Amino acid sequence: MEQSLPPVLSSMAYHADLAYVTAKGLNGGSTIAGTLILARLAGIHVFATGGLGGVHRGGENSLDISADLTELGRTPVAVVSSGPKGFLDIPRTLEYLETQGVHVSTFLDGRRGNVDFPAFWARDSGIRSPMAVRDEAEAAAIINAHLSLSLSSGLLFANPVPVAHSIPREDMAEIIERALFLADRAGATGNKNTPFVLNAIKELSGNRSVPANKALVEANVIRGARVAVELSKLQRGEEGSSKTSNFMPRFLGGEDTLSGLNEDLHRKSLSNQAPPTRQSLTKTSNTPSQPEILVAGSLAVDISCDYTPPPTSPQLSTPQQHTSNPSHISDTLGGVGANIARAVHLLGANVRFCSAVADDLAGRGALQALKDTGLDTSSIQILPGSTGARTARYVALNDAKKDLVMAMSDMSIIDNIPAFHLRNWTQNQSSNSNSKPAYLIIDANWSPPTLHAWLSWARTHKIPTVFEPVSVAKSTRLFTLPPTNSKPTIIPTHPTPLINILTPNIHELSALYTHARSTHLLDTPTWWNIINALGIPSTGARVALSLLTTPSLVDAGIPQRALQLLPFCPTILTKLGSQGVLLTMLLNAHDPRLSSPEAAEFILSRSQSESVGGVYMRLFGPAEVVAEEEVAGVSGCGDTFCGALVAGLVRRGRGAMVEECVMEAQRAAVLTLKSRESVSEGLRGMRVE
């Protein structure tokens, strides 16, 4: 079937047009200013072009200054060009770039000493270049150092037109003056000026400007590609690269810059030693060769503010609004993914944690704290501050009983990672059944496209998945699939479900159910086929549900909502706080529980379907009733439960049953409940059986 292409813009897309072009689904070329923005978003460090925009003659009065210059002043990307078009005001262009903080150098290109800044068609302009560079390696070293300093401005490397195609400066000066005169007489001003002048120069030069233009573009592309290669060598610490610059934090960008490990970045920031190569890093890293559990999620700094009533008002238990409140404030290593990974690690399972931090104070502290726990950090991507990335933070405001009143979080660093970068974490995970992870645990901090890219990868490699919803707002990302080719997406259901295990609290469960219902996921034929096969009477199962759980839970609709989500998530463990955990499972036709005397009392329904055997539902009471004065904080309890549950399944091996791990997982959560840490160190000596 033929698919019509979006309409093409009739002119270049300036940076001010990008939002319009994107929203309208248009095609078109971009100016240097627009390309700078797109390159930064894509993590591209350097690109090549023909000529740069500049200050037009008379620009001190007309203020006709190209947006290329202002964008270079605020975007940390390097541009290789042959300088501004010769008919622009080159001295004022250089002055403007200096004011904007843009580094400007010219390639010597076989020359020595001071050289002119090029004038596009001419190798010389009569204006000395502020600086000069010998070769591509030196240019890469400058870019490397510039970005490692987190400078927000860009860099301009001027590459003179090849000698064989250059036009002498004196000849071009005469041609340009004539072209400008014709433009003025024709009234070609504003955005019509440059096209008019270029066409006039073409005619007045006897067409010599055209081959010169083509030659300089080709030369710039070759030069820019070589600079990019040298820069990549510097980032990887490869032998043969320039040794003139310090380390360069890796961008969230192309495959070359993200593939491999990032641990060398943090080590370099703490010492003056050269960053290790990939080979040496592989030897020194404590990366488990065959991780049993892969955890993908957020790494954050958790700040907990526990309200302490003032002595004059001891009866107050809740912080007062619109004023400062006395409190006990502590900060710990956090992030849902990090908490889960730490719980798994403390319980003795091999875990690989995939996440990202910024190269800022919080990120360096979080990374070091993670290392101090003994957890492998080789799969933590580190993004420089120049990308705008911020290490994730979570701030919890608790009342006097340490119950959560309000929380604020900034998880944008994970939320903004594009789905196509997933390969940088998964490319080393073998599909071999002897080395692939036993489970993938993923939290909801990822954007929907990236989240579902993770889940799709796991389904492809037949790796069971566990989803931790994180919050009410983010939980519904599980049911927010990105469209494919403008067609509606279909949520996978049993027997190849969207995920295998879901661990929500009651609020997240309700949010998932409400979202599924409002988006008509509960109206599809595949959903109805599975629901009908469960064997639950059409009149409902209120009495049976009340016997298996409690009347109050049934009145709240908790077991009913879990049942209706089973086609997408066949194992749901709903965390009920002080009431324990409700386990709801869709059983396969040949599940041993269906014939087990011990499991009989928990079988809600039986089915005659070939693929569905019935429903198992079991309410686990709390592992321990914790006195109020023993509660140190609730943050991390649910994460600990999730990590301990999966660690227990892995330790039991093939054929392990979820219900065998629930109470131990609850006991692990209790240890965290009593600890001021997001994950209790007490898990280290805890045996999960």
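Just after helix α5, Gly101 takes a positive phi of about 80°, in what is a predicted model rather than an experimental one. The helix that comes before this glycine, α5, spans residues 90-99, and within it Ile90, Thr93, Leu94 and Leu97 are buried. These four residues cover an arc of only 95° around the axis, which puts them on the same side of α5. The face turned away from that buried side carries Glu98 and Thr99, which are exposed. As for what the buried residues of α5 pack against, their partners are α4 (67-72), β3 (103-107) and β5 (155-158).

Elsewhere in the chain, ten strands form an open sheet with mixed pairing, and the order across it is β10-β9-β6-β13-β14-β15-β16-β17-β19-β18. At its edges stand β10 (380-383) and β18 (603-606), each of which pairs on one side only. Within the sheet, β14 (residues 465-468) and β15 (residues 501-502) pair in the parallel sense over two bridges, and Val466 stands opposite Ile501 in β15.

Helices also lie on this sheet. Helix α19, made of residues 506-518, lies across β14, β15 and β16 (571-575), and runs at about 130° to β16. Helix α25 (residues 662-673) packs on the sheet as well, touching β16, β17 (581-588) and β19 (612-620), and its direction makes about 40° with that of β19.

The largest nonpolar core has 65 residues, of which Trp446, Trp454, Leu478, Phe479 and Phe568 touch the most other members. Helix α17 (residues 448-460) gives this core its largest share, six residues. To see how one of these well-connected residues is placed, the reader may follow Phe568: leaving aside its neighbours within four places in sequence, Phe568 is in contact with Phe479, Ile491, Pro492, Thr493, Pro497, Leu498, Ile499, Leu521, Leu522 and Trp527. Apart from this core lies another, of 56 residues, which includes Leu299, Val336, Ala362 and Ala366.

A last point concerns the confidence of the prediction. The protein averages a pLDDT of 84, and 86% of the residues score at least 70. Over residues 238-288, however, the pLDDT is below 50, although this stretch has 128 contacts in the model beyond near neighbours in sequence.

How values were computed:
Residues are numbered from 1 along each chain as its sequence is written. This is a predicted model: local features need pLDDT of at least 70, side-chain atom pairs count only at pLDDT 80 or more; totals for chains, interfaces and linings use all residues. Side-chain values use heavy atoms; hydrogens and water are left out. Buried means under 20% relative accessible area, exposed over 50%, partly exposed in between (1.4 Å probe, protein chains only). The arc is that of the directions from the helix axis to the C-beta atoms. Contact means heavy atoms within 4.5 Å. Two strands pair if DSSP finds at least two bridges between them. Axes are lines fitted to C-alpha atoms, for helices over the stretch in contact, and angles run from 0 to 180 degrees between N-to-C directions. A nonpolar core is a set of buried Ala, Val, Leu, Ile, Met, Phe, Trp, Tyr and Cys residues joined through side-chain atoms within 4.5 Å. pLDDT is the predictor's confidence in each residue, from 0 to 100.
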